[in-house]
Every structure is written in structure tokens, then in C-alpha cells.
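Me: I've got this one open and would like to go through one part of it closely. Could you walk me through it, with enough of the surroundings to place it?

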Amino acid sequence: IKRIDKDYVKYFQSKNKLMPYTWGVIRIDGSHFHKFADVHNFEKPNDEQALKLMNECAVGVLDAFREFIFSYGVSDEYSFILKRSSHLQRTHASDIVSSVVSFFTSMYVMKWKAFFPLTDLVCQPSFDGRVVCYPSTDILRDYLSWRQVDCHINNQYNTCFWMLVKSGKSRSEAQQILKGTQSQEKMELLANNFGIDYNAIGEKLRLGSSAFWEEETGCSKIVVQHCNIIDGGFWEAHPYILA
Ligand code: DGT
Ligand code: MG
Ligand code: MG
Ligand code: MG
Ligand code: MG
């Protein structure tokens, strides 16, 4: 048998590398979670247990992949920030994204019963993932602010929407009432119609969740907090995260 050198096939692999010395952000997002939430009877608009399960999986990722220093999650998504120096170790974008996505997904399945003891997992959760490199800390901060603003806007809308629906409006009526309303009008709608002070709604819902390595004298541990990551205060209190 004639041996043919078939090594050439490796040249078809494209090398999609992360840009060195930038902030790499891996964002995963649940696929069709609209349906997944319905099938598993998630509470509307926010299911406390579902959010806790997402946080647990994020903590698992931080613990398993030590290149991540900070993560931020809301709804069915989580963003993981790679240390700038870690690019030299894991240079292939698809390797790191696929590892994180599969780890997060299997952890979600493994931990399901602990958070939903009375609900069977009846369809497979899956997540998509992408990595984006941000060249400066300012732009990374803007990225995180964008996600937290999105959390606030969606949560405020969803809170109004489901209060209207639960009070007897149809979904299209609720949509019509909220169409074009500004943040202030939504706050007034909640206060006047339902006696809800939006600012008193739990921080976990308004601010999303940040899971990160907390450094204390001599030791560091992973914590989950619901804090404002748009203003400078958090970053000044944790200067080592983006150092
Ligand atoms: P995708 O990401 O394009 O595959 O589609 P979806 O359906 O995952 O949409 P996405 O990611 O834009 O929005 C997240 C959906 O997940 C949203 O439509 C409602 C659902 N969801 C997430 N968290 C909760 C929750 O706590 N309670 C309920 N009821 N639904 C939730
Ligand atoms: Mg998606
Ligand atoms: Mg989704
Ligand atoms: Mg989403
Ligand atoms: Mg391998």
C-alpha cells in the first residue's frame, strides 16, 4: 500500500486567534429560552430559581477556568471577562468559546434538580457563545454598562408588561399601553396602578448578577453580588479586577 502524506489537510484550519493584550469577553446566551422558560413554568417576568441556577453555573465556570476574573449575568445570558494576560495561553477563539459553552450547559443540567426539585427537565437547554476582544479598559467598562442598562430596560418593561397582564389586560393591550413609554412613565404606571415602587424591587432583578473573584487579605474567593457596575464606585472598591 502506497503511503500518501495527508498532512496538508491541516492547512484548511483557519486560525481565529484572540487579539493579544485586549480584554476578551465571552458571552453565552440561552437558545430559545423563551420556549424553555415556558415549558418549565418559569415565573414571569423573573424566576428566582432560574437566576440562581445561572449564577451557580457562572461560579462553576470561574472556578474551572482560572483565566476569568469577572462575569456579569442577566436573564439567560452571562458574560465572562478573560484576564488580559491569559491570551497567550489560550489563543484560539473557538476553543475557549466551545469549552465555556459546553461546561456551562452541562453544569446547568447537573444542577437543575438542586434548584428545581419539583420540575423535571423535559428539554435540553443549550447556549450559544461568542468572543469579542475589547482593546481598552474604558471600552470594556462601556460593554458591561451596556449589558447592565439592557438589564434595567428589559426588567422594567417586563415588570410593567406582566403586571398589566396579571391584572387582566391581554398581551396586545399591555404592549399597546407600553409602546413608546419612557422609563419615568413606567415607574409612574407601576406606582399609580399597582402601588409598586420600582426602585424597591430587588437589586438582583434591577442590576443583574456579578460573579467574580473577591480578594481579601491572604485569600480570594468567588462571590456573587448585585451591584451597580456602571458607576465607578464598584471598580474603585475592587481595583485588582481590571488592573
Ligand atoms: P435566542 O436567544 O435568540 O435563542 O432566543 P431567546 O428566546 O432565548 O430570547 P432572548 O435570549 O432574547 O431572551 C431571553 C428569553 O428567556 C426571554 O424571552 C424570556 C426568557 N427568560 C429568561 N429568564 C426568564 C425568567 O426568569 N422567567 C421567564 N418567565 N422567562 C425568562
Ligand atoms: Mg441567543
Ligand atoms: Mg436567549
Ligand atoms: Mg438572552
Ligand atoms: Mg482536545
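How many helices and strands are there in the protein? And which residues are the protein donors of the magnesium ion (ligand 4)? That site is the part I'd like you to dig into.

Reply: There are eight helices and six strands, where helices (H or I, at least four residues) and strands (E, at least two) are DSSP runs numbered from the N terminus. Bear in mind that this is a predicted model: local features need pLDDT of at least 70, side-chain atom pairs count only at pLDDT 80 or more, and totals for chains, interfaces and linings use all residues. As for bookkeeping, residues are numbered from 1 along each chain as its sequence is written, chains are lettered from A and ligands numbered from 1 in the order in which they are written, and side-chain values use heavy atoms, with hydrogens and water left out.

Along the sequence, the elements run β-α-α-β-β-α-β-α-α-α-α-β-β-α. The C-alpha atoms fill a box of roughly 80 × 50 × 35 Å along the principal axes.

Now your site. Asp29 and Asp76 are the protein donors of the magnesium ion (ligand 4), each through OD, and they lie 2.1 to 2.2 Å from the ion. Donors here are N, O and S atoms within 2.8 Å of the metal (3.2 Å for Na, K and Ca), and since water is not among the atoms, sites may look incomplete. There's a neighbour, too: the magnesium ion (ligand 2) is 5.6 Å from the magnesium ion (ligand 4), and Asp29 coordinates both. Asp29 belongs to strand S1 (residues 23–30), while Asp76 is in the loop between strand S2 (68–74) and strand S3 (77–82), so the pair ties together parts that are 47 residues apart in sequence.

Are the two aspartates buried or exposed? Asp76 is buried, at 14% relative accessible area, whereas Asp29 counts as partly exposed at 24%. The cut-offs are under 20% for buried, over 50% for exposed and partly exposed in between, with a 1.4 Å probe and protein chains only.

Both aspartates also meet ligand 1. Ligand 1 is surrounded by 15 residues, and the closest are Asp29, His32, Phe33, His34 and Asp47; a residue counts if one of its heavy atoms lies within 4 Å. A side-chain N or O atom of Asp29 is 2.7 Å from an oxygen atom of ligand 1. For the side chain of Asp76, the corresponding distance to an oxygen atom of ligand 1 is 2.9 Å. His34 takes part through its backbone, with an N or O atom 2.9 Å from an oxygen atom of ligand 1. On its own, ligand 1 has 620 Å² of accessible area, and the protein covers 66% of that; such areas come from the Shrake-Rupley method with a 1.4 Å probe, and for residues only the protein chains shown count as cover.

What about the packing around those elements? S1 and S3, which flank your aspartates' part of the chain, turn up again in the largest nonpolar core. That core has 33 residues, of which Ile28, Phe68, Phe80, Val100, Phe104 and Tyr108 touch the most other members. Helix H1 (33–39), helix H2 (48–64), helix H3 (93–115) and strand S5 (209–216), along with S1 and S3, each supply at least two residues of it. H3 gives the largest share, ten residues. A second, separate core of 20 residues includes Val25, Cys151, Cys227 and Ile229. A nonpolar core, by the way, is a set of buried Ala, Val, Leu, Ile, Met, Phe, Trp, Tyr and Cys residues joined through side-chain atoms within 4.5 Å.

Val100 is a good one to click on: leaving out residues up to four places away in sequence, Val100 touches Ile26, Ile28, Val61, Phe65, Phe68 and Phe80, where contact means heavy atoms within 4.5 Å.

Finally, a few backbone oddities. Lys44 and Pro45 are joined by a cis peptide bond, with omega about 0°, and Pro45 sits in the loop between H1 and H2. Pro45 is also among the residues touched by Thr159, a buried residue at 10% relative accessible area in helix H4 (residues 137–166). The H1–H2 loop holds Asn41 as well, which has a positive phi of about 55° although it is not a glycine; Asn41 counts as exposed at 65% relative accessibility. Tyr21, in the segment before S1, likewise has a positive phi, about 60°, without being a glycine, and is exposed at 54%.

Note on methods:
Polar contact = N/O pair within 3.5 Å; in protein donor to acceptor, adjacent residues only side chain to side chain.
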